[in-house]
Amino acid sequence: SDVETRLMIEAYSMKLCQSYYETEGFEVKDVSANHPYDLLIKNKEKTFFIEVKGTQTKAENIILTKNEVALSKSHGKKMILFIVHSIEMNKKSVKKGSGVMKIIKPWVVNPDMLTPISYTYKMS
């Protein structure tokens with residue numbers, strides 16, 4: 001299903017990001033369950049917040065949450081956007097070795113590049 005595919009792509013992208021930064025000498029912690037970013041990385045001198053995005057497309061556009069945008073605006077110099085695009089699927093799994101990594105560091109959201117795609121309307 002689309003949900004299963006999305007979850008597999010997300011897990012694959014997170015694993016690639018984690019491996020990349022561990023190789024770079026960072027301690028990597030998955031905080032995605034309770035933070036507006038996915039990974040917290042630290043070494044002796046630096047700490048960064050990482051937002052990970054994975055997609056089967058070329059990532060010409062990505063969807064950001066309100067909290068992701070707010071965090072980038074407030075902590076942009078410590079933010080990294082880690083994108084894995086062009087991910088290929090086998091019948092029921094991600095094709096191993098597929099995807100192209102793109103790292104934007106620091107990641108400070110440019111308001112001119114944002115397009116609202118939904119709003120909440122209060123009924124009372």
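"How exposed is Lys95: buried, partly exposed or exposed? At 37% relative accessibility, Lys95 counts as partly exposed. Hello everyone, and thanks for coming. Before I go on, please keep in mind that this is a predicted model.

Let me stay with Lys95 for a moment, since it leads to the charged pairs. Its partner is Glu88: the two form a salt bridge, with the closest N and O atoms 3.3 Å apart. Glu88 is partly exposed too, at a relative accessible area of 41%.

How many salt bridges are there? The count comes to three. Besides the pair I just described, we have Glu51 with Lys53, whose side chains meet at 3.5 Å, N to O. Then there is Glu68 with Lys53, where the closest N and O atoms are 3.1 Å apart. Here the pair ties together parts that are 15 residues apart in sequence, because Glu68 lies in helix α2, residues 66–75, while Lys53 lies in strand β3. Put together, Glu51, Lys53 and Glu68 are linked in a network of salt bridges.

Now, for those of you who set up charges, look at the burial of this network. Both Glu51 and Lys53 are buried. Lys53 has a relative accessible area of 15%, and Glu68 has one of 9%, so Glu68 counts as buried, given that the cut-off is under 20%.

What does Glu68 touch, leaving out residues up to four places away in sequence? The list is Pro36, Glu51, Lys53, Ile63 and Trp107. The link from Glu68 to Lys53 also registers as a polar contact between their side chains, at 3.1 Å.

Let's move to helix α1. This helix has 22 residues and reaches 32 Å from its first C-alpha to its last, close to the 32 Å expected at 1.5 Å a residue. Which of its residues are buried? In α1 they are Ile9, Tyr12, Ser13, Met14, Cys17 and Tyr21. As a reminder, an α-helix has 3.6 residues a turn, so residues three or four places apart point the same way. With that in mind, follow the buried residues of α1 to their partners: they pack against β1 (27–30), β2, β3, β4 and β5 (100–104).

Ser13 is a nice one to zoom in on. Ser13 sits in helix α1, and at 1% relative accessibility it counts as buried. Where does its side chain reach? The side chain of Ser13 reaches the backbone oxygen of Ile9, at 2.9 Å. Leaving out residues up to four places away in sequence, Ser13 touches Val52, Lys53, Gly54, Phe82, Val84 and Ile87. So Lys53, which we met in the salt-bridge network, turns up again among the contacts of Ser13. Just after α1, Gly25 takes a positive phi of about 95°.

Next, the nonpolar cores. The largest one has 17 residues, and those touching the most other members are Cys17, Tyr21, Leu39, Ile41, Ile50, Val52 and Phe82. Which elements each supply at least two residues of this core? They are α1 (2–23), β2 (39–42), β3 (47–54) and β4 (79–85). Of these, α1 gives the most, with five residues. A second, separate core has twelve residues, including Tyr37, Leu40, Val69 and Leu71.

If you want one residue to centre your view on, try Ile50. Not counting residues up to four places away in sequence, Ile50 touches Cys17, Tyr21, Tyr37, Asp38, Leu39, Ile41, Ile80 and Phe82. Notice that Tyr37, listed in the second core, is among the contacts of Ile50.

Last stop: the aromatic rings. A search of the whole structure finds six aromatic pairs. How do Tyr21 and Phe26 meet? Their ring centres are 5.8 Å apart and their planes lie at 80°, so the pair is edge-to-face. Tyr21 and Phe26 are both buried. Beyond this pair, ring pairs link Tyr20, Tyr21, Phe26, Phe48 and Phe82 into a cluster. Tyr21 and Phe82 are familiar by now, since both were named for the largest core.

To recap: Glu51, Lys53 and Glu68 form a salt-bridge network, α1 gives the most residues to the largest core, and an aromatic cluster includes Tyr21 and Phe82. That's my tour, and I'm happy to take questions."

Note on methods: Residues numbered from 1 in each chain as written. Predicted model: local features only at pLDDT ≥ 70, side-chain atom pairs only at ≥ 80, totals over all residues. Heavy atoms only, no water. Core = buried A, V, L, I, M, F, W, Y, C linked by side-chain atoms within 4.5 Å. Buried < 20%, exposed > 50% of the residue type's maximum accessible area, 1.4 Å probe, protein only. Helix = DSSP H or I, 4+ residues; strand = E, 2+ residues; numbered from the N terminus. Contact = heavy atoms within 4.5 Å. Salt bridge = Lys/Arg side-chain N within 4 Å of Asp/Glu carboxyl O. Phe/Tyr/Trp six-rings, centres within 6.5 Å; stacked < 30°, edge-to-face > 60°. Polar contact = N/O pair within 3.5 Å; in protein donor to acceptor, adjacent residues only side chain to side chain. Expected span 1.5 Å × (residues − 1).
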